[in-house]
Amino acid sequence: MNVTALSLPTVLPEFILAGGILALVLLGALRGERSVWMVTEIAVALLGVVLIVLIANHGSKGVTFYGAFTDDAFSRFMKALALIGSLVTLVLSVDFMRKEKIAGFEFPILILLATLGMMMLISASDFIALYLGLELMSLSLYVVAAYHRDDARASEAGLKYFVLGALSSGMLLYGASLIYGFAGTVSFAGVAVAIHGQASLGVIFGLVFLLAGLAFKISAVPFHMWTPDVYEGAPTPVTAFFASAPKMAAMAVLVRVVTTAFPGVEGEWRQVIVFISIASMALGSFAAIGQTNIKRLMAYSSIGHMGFALVGLAAGTTDGVHGVIIYMSIYLLMTLGTFAAILSMQRDGHYVENIADLAGLARTNGPMAFFLGAMMFSLAGIPPLAGFFAKFYVFAAAIEANLFALAVIGVLCSVVGAFYYLRIVKIMYFDEPAKAFDQAGIAARVVLALSTALIIFYAIAPAPLTDAAMAAAKSLF
């Protein structure tokens, strides 16, 4: 690979996004609140352009900024997922922001800034670049979580996320400093060479602190405590954003760190990954059973799904990373589709969030009940929907790596978790109908229908996703 101080083709998507953000800040400052919808529309178009450039500019793979920034198949794939999550979130937010009267030009700009941080994070190949990307993403997310300033729940959500996020950043920095002290370099490749096969106690301590900081960003147990409150308290489009795009970036950097910086001490980091995987799957499966708020239920569902994705990472093989990439892709589809349904839960001009509000939906809105039911079946991992294949790939990788106990625990947790997904289907199809929902916005209906079509279609034609995911996984090894 070509290592340079600056290679513009390598960082072209980030360069376009950063330039667009600066232009939108200037536009918002000059036109004030009159620019709200213009800024939002331009932001959506900008994300679309960056996604197209990312896909089209495939011939410039390399390393730039003196080895701090890597452009490879893995980074491109995960950046595409993050961009899709951000773009769909912005599209879904328009109706919500208008009806709740909280629209402002700052919101799309904050989403774009967080997305820029994600792209930097995904391509980071040393600890300094990793921290810069992480903080750019996190600082934007802190503000977005508390975006509804007049809502006490949103303010509480933002404060909780900020305090716990600052703690996790400190842990990550401490871990990175320990690793630097023992390895003498911040480069992932340099760390791999320095500590290959001979991890001292200090390196193991640093590795544990580093993984703890990254586990917070994917809301894995025991660093999940912010997730239910933030998901419930933040405005619903913000919750959809938290559940989708940032998870792609955090999981991508976690995969890159353990596979490129610590390949020689696999036994040490595998123990940590296995522990947080089992804990996340178990808590996500059992804690969601008693939930009555669908956003809070989705928080525990997210915790559980990150545990399932980590099953593939624990394998530490190309097939394991391949499974993680497929899992995150399908998880993104299911999450965006489910939140499109949640944003369609409007009654008498107000958004409702209780699971009981879905009672008898099949008789009052048959298409929405079908689409949301398909999402629930897929989240539960029931064949032939895409969610089944997502779990199949990570469990198969774990079995090939002789992690039989982890795979068995994963299957058992999946069975338990199916209860609360299927309970929603039962409520929609067999309970007495509640009052019908208002007509949902066109964006929510399109996203819900398209997500459902894709999770069904995957069983018919899985090759495009699986082939691209395998190419991305191989680029790491």
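Reader: How many salt bridges does a search of the whole structure find?

Author: The search turns up 15 salt bridges. Keep in mind that this is a predicted model.

Reader: What makes Arg76 and Asp71 a salt bridge?

Author: Their side chains meet with N to O at 2.7 Å. The cut-off is 4 Å from a Lys or Arg nitrogen to a carboxyl oxygen of Asp or Glu, so the pair qualifies.

Reader: And why are Arg76 and Asp71 called buried?

Author: Buried means under 20% relative accessible area. Arg76 has 9%, so it is buried. Asp71 has 2%, so it goes in that class as well.

Reader: What about Glu156 and Lys160, where do they lie?

Author: Both are in helix α6 (residues 152–183), four residues apart, which is about one turn of the helix. Their closest N and O atoms are 2.8 Å apart, and the limit is 4 Å, so this is a salt bridge too.

Reader: Are Glu156 and Lys160 buried or exposed?

Author: Neither, strictly. The partly exposed class runs between 20% and 50%. Glu156 comes out at 41%, so it is partly exposed. Lys160, at 28%, is partly exposed for that reason too.

Reader: Why do you say that Asp348 and Lys435 tie together parts of the chain?

Author: The closest N and O atoms of Asp348 and Lys435 are 2.7 Å apart, in a salt bridge. Asp348 belongs to the loop between β3 (346–347) and β4 (350–351), while Lys435 is in the loop between α18 (404–430) and α19 (442–460), so the bridge links parts 87 residues apart in sequence. Lys435 has 51% relative accessibility, and the exposed class starts over 50%, so it counts as exposed.

Reader: Which residues do salt bridges with shared partners join into one network?

Author: That network holds Arg153, Glu156, Lys160, Asp229, Glu232, Lys295, Arg296 and Glu353.

Reader: On to the rings. How many aromatic pairs are there?

Author: The structure holds 19 of them. One is Phe392 with Tyr393, at 5.8 Å centre to centre and 70° between the planes.

Reader: What makes the pair of Phe392 and Tyr393 edge-to-face?

Author: Centres within 6.5 Å count as a pair, and planes over 60 degrees apart count as edge-to-face. With 5.8 Å and 70°, Phe392 and Tyr393 therefore pass both tests. Phe392 is partly exposed at 46%, and Tyr393 is partly exposed at 23%.

Reader: How do you know that the charged end of Lys391 sits over the ring of Phe308?

Author: The charged end is 4.5 Å from the ring centre of Phe308. The distance limit is 6 Å, with a separate limit of 35 degrees from the ring normal. Arg98 also lies over a ring, the face of Trp37, at 4.5 Å from the centre.

Reader: Why is helix α10 called largely enclosed by the rest of the structure?

Author: Eight of the eight residues of α10 (residues 236–243) are buried, so the helix is largely enclosed. Among them are Pro237, Phe241 and Phe242.

Reader: How do you know that Leu310 is buried?

Author: Its relative accessibility is 0%, and buried means under 20%, so Leu310 is buried. Leu310 is in helix α13 (residues 294–315). It touches residues including Ile218, Met251 and Ser277.

Reader: Last one: why is the chain called as compact as a globular protein of that length?

Author: The chain has 20 helices and four strands. Its radius of gyration is 21 Å, close to the 23 Å that the globule rule gives for 477 residues, so the description fits. Buried residues make up 59% of the 477.

Note on methods: Residues numbered from 1 in each chain as written. Predicted model: local features only at pLDDT ≥ 70, side-chain atom pairs only at ≥ 80, totals over all residues. Heavy atoms only, no water. Phe/Tyr/Trp six-rings, centres within 6.5 Å; stacked < 30°, edge-to-face > 60°. Buried < 20%, exposed > 50% of the residue type's maximum accessible area, 1.4 Å probe, protein only. Helix = DSSP H or I, 4+ residues; strand = E, 2+ residues; numbered from the N terminus. Contact = heavy atoms within 4.5 Å. Rg over C-alpha atoms; globule rule 2.2 N^0.38 Å. Lists of a residue's contacts leave out its neighbours within four places in sequence.
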